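Hello,

Here is the structure I promised to pass on to you. Have a look at it first, and then read on for what turned up in it.

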Amino acid sequence: MRAASFLSILLIGALFACQPDRLEEDPFANGPQTTPIEFEIPRGFAPVVIPPDNPLTEEGVRLGRHLFYEKRLSGDNSMSCGTCHLQDFNFAEPNRFSTGITGAVGDKNAMVLSNLAWQSFFFWDGRRESLEAQAVDPVENPIEMHEQWPNAIQKLESDPLYQRLFKEAFGDNAITKENAAKAIAQFERTMVSADSKFDQYLRGEVSLTQQELLGLTLFNNEQGDCFHCHSFENHGGIFGGFGPEREVFKNNGIDSVLKPMSGREAVTLDSMDRGKFKVPSLRNVEFSFPYMHDGRFANLQEVIEFYNMGGYKTYTLDPNMKKAGVGRNWTQEQKDALLAFLRALSDPSFITDTSFSDPFK
């Protein structure tokens, strides 16, 4: 009897010994079974660092896309991120200022949301240094979506759609503010625009017109002098908003009198940052009117006329604004050429890409 029992124990032990470690092979042992996305770097663009604690996954991006367009993140369920960042306008807004759910009106023009994966400072003053941190603010901002995150999370928890999407992306009990921000950041990192006529020209697929070539030449020489702040080569392929802090924030001479605590100074509290705002990317600039941090210029012709005037001299003026107070005296032909080149930076495929569109429509 004892021999039989011992033999049974040996057989059971052998049986389990031959089986693989079930805990190690359980795809849900360390979280959900997600599908990684390989981030492709377009030709001429700088490398991208994806946060190790928020890798790109199909499930995370899908959730982020829904949250980007989710109006229940606002206090009265009427406004989403997509309300002020419209795809047709390079994920900016054609109104000079955005109006929040209470009727409050801001004092900044909504920034474009393209090629954010190459940027490390967000908002015009750069007060957030990651997409994850940036994604949290608009929900809580009293002049924007004016909601508290705990309330927003309760709304999401009651919806079977989000119960499923959060679980697929982050696992059980995953409906949190932190995971919502991670998902929105993942979606925003996939919003890459890199197929303008200029990109096609660099790839040898098309030719630029003589007018566009003249504009390119002016853009990249001291006569036009745009390249210092918006170059292709030195700004990660995105024509601005890329690199160390000193390259991202500039006073371009737009104001003759600097308002205290304006621009980057509101973050650093350094008066030498007064009037310095984030240099925006020029990709799809044709679609992202109005222009400047306060949307004061309605069209690109007005922008070109401002830079032709040269800007105003103030103590934080960027040294590359060499013609401030003097003017550049461009001819009409040169101004038309600059406009033609700026339009060659347009990527219609980006503003019509259905993978970035509202999933609820």
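Contacts are a good place to begin. Please keep in mind that this is a predicted model. Among contacts between residues at least 6 apart in sequence, 64% link residues that are at least 24 apart.

As for the overall build, the protein has 16 helices and two strands. Along the principal axes, its C-alpha atoms fill a box of roughly 105 × 50 × 40 Å.

Now to the inside and the outside. The protein has 361 residues, and 50% of them are buried. Its accessible surface is about 17900 Å², with 54% of that belonging to carbon and sulfur atoms.

The charges may interest you too. There are 35 positive and 50 negative ones, and the mean positions of these two sets lie 3 Å apart.

You may also wonder how many disulfides the structure holds. The count is zero. As a reminder, a disulfide is a covalent bond between the sulfur atoms of two cysteines. Take C226: its closest cysteine sulfur is in C229, 9.2 Å away, which is too far for a bond. For a pair to count, the two sulfur atoms would have to be within 2.5 Å. Seen from the other side, C229 has its closest cysteine sulfur in C226, again at 9.2 Å, so no bond forms there. C229 is also buried, and its relative accessible area is 16%.

Enjoy exploring it, and do write back with any questions.

Best wishes

Notes:
Residues are numbered from 1 along each chain as its sequence is written. This is a predicted model: local features need pLDDT of at least 70, side-chain atom pairs count only at pLDDT 80 or more; totals for chains, interfaces and linings use all residues. Side-chain values use heavy atoms; hydrogens and water are left out. Helices (H or I, at least four residues) and strands (E, at least two) are DSSP runs, numbered from the N terminus. Buried means under 20% relative accessible area, exposed over 50%, partly exposed in between (1.4 Å probe, protein chains only). Contact means heavy atoms within 4.5 Å. Accessible areas come from the Shrake-Rupley method with a 1.4 Å probe; for residues, only the protein chains shown count as cover. Lys and Arg count as positive and Asp and Glu as negative; His and the chain ends are not counted. The place of a charge is taken as NZ of Lys, CZ of Arg, CG of Asp or CD of Glu.
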